[in-house]
Amino acid sequence: GKAATSVVGPGAPIVIPTACDPKEVDYETELVVVIGPRPCVNATRETAMAHVLGFAAGNDVSARKWQGKRGGGQ
């Protein structure tokens, strides 16, 4: 999952935090599954898709070295 504060709109600049070396920043395309607005707890295969509002393509940007070696975590 991603925090809502980590999302930017189409064409918006991606701000690299000063704690990260820009040369360490990695990106990857991911399938985004939009869930909501009803709570989804203990969904079964048969009921899971009732909670999906849609799908999108996402650009996941991460500072890999900061995550793994500098205590940033996932």
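## A first look at the nonpolar patch and its surroundings

L31, V33, I35, M49 and F55 together make a nonpolar patch of about 540 Å² on the surface. The biggest share comes from strand β1, which gives three residues to this patch. Please keep in mind that this is a predicted model. With that said, here is a friendly tour, from the whole protein down to two of its residues.

**Overall layout**
- The protein has 74 residues, and its secondary structure comes to one helix and two strands.
- Following the chain along the sequence, you meet these elements in the pattern β-β-α.
- Strand β1 covers residues 25–35, while strand β2 covers residues 52–63.

**Surface and interior**
- The accessible surface of the protein is about 6200 Å².
- Carbon and sulfur atoms account for 59% of that accessible surface.
- Buried residues make up 14% of the 74 in the protein.
- Contacts between residues at least 6 apart in sequence also tell a story: 60% of them join residues at least 24 apart.

**V33, a member of the patch**
- V33 is one of the residues that make the nonpolar patch, and V33 sits in strand β1.
- Its relative accessible area is 40%, so V33 counts as partly exposed, a label for values between the 20% and 50% cut-offs.
- Patch residues need over 30% relative accessible area, and V33, at 40%, is above that cut-off.

**S62, a buried residue in strand β2**
- S62 belongs to strand β2.
- With a relative accessible area of 6%, S62 is buried, because the label applies to values under 20%.
- The side chain of S62 makes a polar contact with the side chain of D60, at 3.5 Å.
- S62 and E24 are 38 residues apart in sequence, yet their C-alpha atoms are 8.3 Å apart in space.

**Two residues side by side**
- If you would like a pair to look up in the structure, try V33 and S62: V33 in strand β1 is partly exposed, whereas S62 in strand β2 is buried.

Conventions. Residues numbered from 1 in each chain as written. Predicted model: local features only at pLDDT ≥ 70, side-chain atom pairs only at ≥ 80, totals over all residues. Heavy atoms only, no water. Helix = DSSP H or I, 4+ residues; strand = E, 2+ residues; numbered from the N terminus. Buried < 20%, exposed > 50% of the residue type's maximum accessible area, 1.4 Å probe, protein only. Polar contact = N/O pair within 3.5 Å; in protein donor to acceptor, adjacent residues only side chain to side chain. Contact = heavy atoms within 4.5 Å. Areas by Shrake-Rupley, 256 points an atom, 1.4 Å probe, with all protein chains shown as cover. Patch = residues over 30% accessible without salt bridge, like charges linked within 9 Å, V, L, I, M, F, W, Y side chains within 5 Å. Salt bridge = Lys/Arg side-chain N within 4 Å of Asp/Glu carboxyl O.
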